[in-house]
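Please open the model in a viewer and keep the selection tool at hand. The tour below proceeds from one selection to the next and states what is found at each stop.

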Amino acid sequence: TIVEPIIAKPVPCSIERQNRTVEIDYNKRPIIGIGLPKSGTTSLHAYFQTIHPAIRSGHQQIEDVCSPKLFPIPPIKTDNPNVTWSKVTHIDPAFGRHNRCAFAYYIQKAVADGKKPLEYLIKRGFNAFAQLDQITYEHPRFPQIDLIDTFLDAYPDAFYIHHIRNVSRHVSSIARWGAMAERIRLSGVMNREGRKTDPSQTVEQALADWILWHREYVREKFMQRPGVHYIEVDLEAAEEMASSTISVFVGARCIHHVEQKNHNAGFKYKNH
């Protein structure tokens with residue numbers, strides 16, 4: 001193994017509805033954010049940290065030095081036969097400067113070792129993932145595009161959250177975030193699945209088209225997998241409801257019988 005596992009006892013959340021109890025082990029049924037960068041990943045991470053103690057969230061990277069045992073990471077074939085994640089020989093400088101280790105490293109290593117994509121990250125104590133991509137210059141990685149079928153095969157019972165936002169504001173947020181737009185362009189991810197970017201478009205237009213393409217791409221993937229737990233949430237438009245919506249979706253909000261008084265009828269009834 002490449003890391004020392006952090007053993008955390010699952011904290012089951014019992015949901016009482018119509019006398020039925022559901023217990024959820026999030027290590028076996030992880031919560032996976034599959035939205036694009038700057039689409040509310042920080043908010044999603046914050047929600048995960050507050051809705052239930054059994055949910056242990058991570059946001060794009062682990063805040064410690066990458067283990068030397070992690071490298072070199074072998075190349076892997078992705079879901080797309082034309083896309084290979086190249087060998088990673090060392091930590092990307094963009095992460096090394098800040099003592100961070102990208103989730104994408106652990107995902108690639110796990111797949112290369114014939115394990116489930118999140119296995120090493122779950123051993124590190126995470127079971128909810130607000131952002132999977134890594135968009136540095138050296139090793140850009142977009143698991144939520146390149147490995148979505150791999151994730152669905154490995155975790156058919158997981159909770160998948162597709163977080164979106166208004167396209168214009170999404171594009172503006174990417175454009176304002178340093179060189180992110182350029183890194184996305186250079187990564188080649190905008191040309192996945194046979195897409196071709198139009199060289200006559202502005203960067204903003206190209207990003208908007210890519211964002212809209214990604215929404216339809218994800219929707220189509222999940223339409224092909226009936227029964228998979230999938231939700232699409234605009235975290236910006238539904239800010240006040242987002243946490244409740246997500247917590248109920250993942251079964252993390254324990255719902256108990258609540259005594260309420262019906263003043264008109266003059267008796268108490270139980271609201272489920």
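Two strands are taken to pair if DSSP finds at least two bridges between them. The model on display is a predicted one, and the tour begins with its strands.

**The sheet**

Select strand E3 (residues 31-33) together with strand E10 (residues 159-164). The two run parallel and are joined by three bridges. Within this pair, Gly33 has Ile161 of E10 as its bridge partner.

Now extend the selection to the whole sheet. Five strands make up an open sheet with parallel pairing, and their order is E4-E9-E3-E10-E11. At the edges stand strand E4 (57-58) and strand E11 (229-234); each has a single partner strand, so one side of each lacks a neighbour in the sheet.

**The disulfide**

Next, select Cys66 and Cys101. These residues form a disulfide, with 1.8 Å between their sulfur atoms; the structure holds one disulfide. The bond links distant parts of the chain: Cys66 belongs to the loop between strand E5 (61-62) and strand E6 (76-77), while Cys101 is in strand E8 (residues 101-102), 35 residues apart from Cys66. Is the disulfide right-handed or left-handed? The torsion about the S-S bond is about 105 degrees, so the disulfide is right-handed. Both Cys66 and Cys101 are buried.

**Helix H3 and the residues after it**

Move on to helix H3, residues 103-112. Of its 10 residues, eight are buried, so the helix is largely enclosed by the rest of the structure. The buried residues are Phe103, Ala104, Tyr105, Tyr106, Ile107, Gln108, Lys109 and Ala110.

Keep Lys109 selected and add Asp113. The two form a salt bridge in which the closest N and O atoms are 3.7 Å apart. Lys109 is buried at a relative accessible area of 12%, whereas Asp113 is partly exposed at 32%. Stepping on to Gly114, just after H3, one finds a positive phi of about 75 degrees.

**Further salt bridges**

How many salt bridges does the structure hold? There are 12, and two further pairs merit a stop.

For the first stop, select Asp146 and Arg192. Their salt bridge has its closest N and O atoms 2.6 Å apart. This pair links distant parts of the chain, 46 residues apart: Asp146 is in helix H5 (residues 143-146), and Arg192 is in the loop between H8 and helix H9 (203-223). Asp146 is buried, with a relative accessible area of 2%, and Arg192 is likewise buried, at 13%.

For the second stop, select Glu182 and Arg185. Their side chains meet in a salt bridge with an N to O distance of 2.7 Å. Both residues are in helix H8, three residues apart, and about one helical turn separates them. An α-helix has 3.6 residues a turn, so residues three or four places apart point the same way. Arg185 is partly exposed, with a relative accessible area of 46%, and Glu182 also counts as partly exposed, at 33% relative accessibility. Then select Asp149, Asp153, Lys221 and Arg225, which are joined into one network by salt bridges that share partners.

**Helix H9**

Select Asp209, which is found in helix H9. Its relative accessibility is 34%, and it counts as partly exposed. Add Met190, which is 19 residues apart from Asp209 along the chain; the C-alpha atoms of the two are separated by 9.1 Å.

**The largest pocket**

For the final stop, select Gln60, Arg100, Gln131, Trp177 and Met180. Among the 23 residues that line the largest pocket, these five lie nearest its centre. Which elements give two or more residues to the lining of this pocket? They are helix H1 (41-51), helix H2 (93-96) and helix H8 (180-187). The space in the largest pocket amounts to about 450 Å³. Colouring the lining by class shows seven nonpolar, 11 polar and five charged residues.

Conventions. Residues numbered from 1 in each chain as written. Predicted model: local features only at pLDDT ≥ 70, side-chain atom pairs only at ≥ 80, totals over all residues. Heavy atoms only, no water. Buried < 20%, exposed > 50% of the residue type's maximum accessible area, 1.4 Å probe, protein only. Helix = DSSP H or I, 4+ residues; strand = E, 2+ residues; numbered from the N terminus. 1 Å grid on protein atoms, 1.4 Å probe; cavity = no way out; pocket = protein on both sides within 12 Å on 5 of 7 lines; lining within 4 Å. Points joined across faces, edges and corners; volume = space filled by probe spheres on them. Nonpolar A, V, L, I, M, F, W, Y, C, P; charged D, E, K, R; others polar. Salt bridge = Lys/Arg side-chain N within 4 Å of Asp/Glu carboxyl O. Disulfide = S-S within 2.5 Å.
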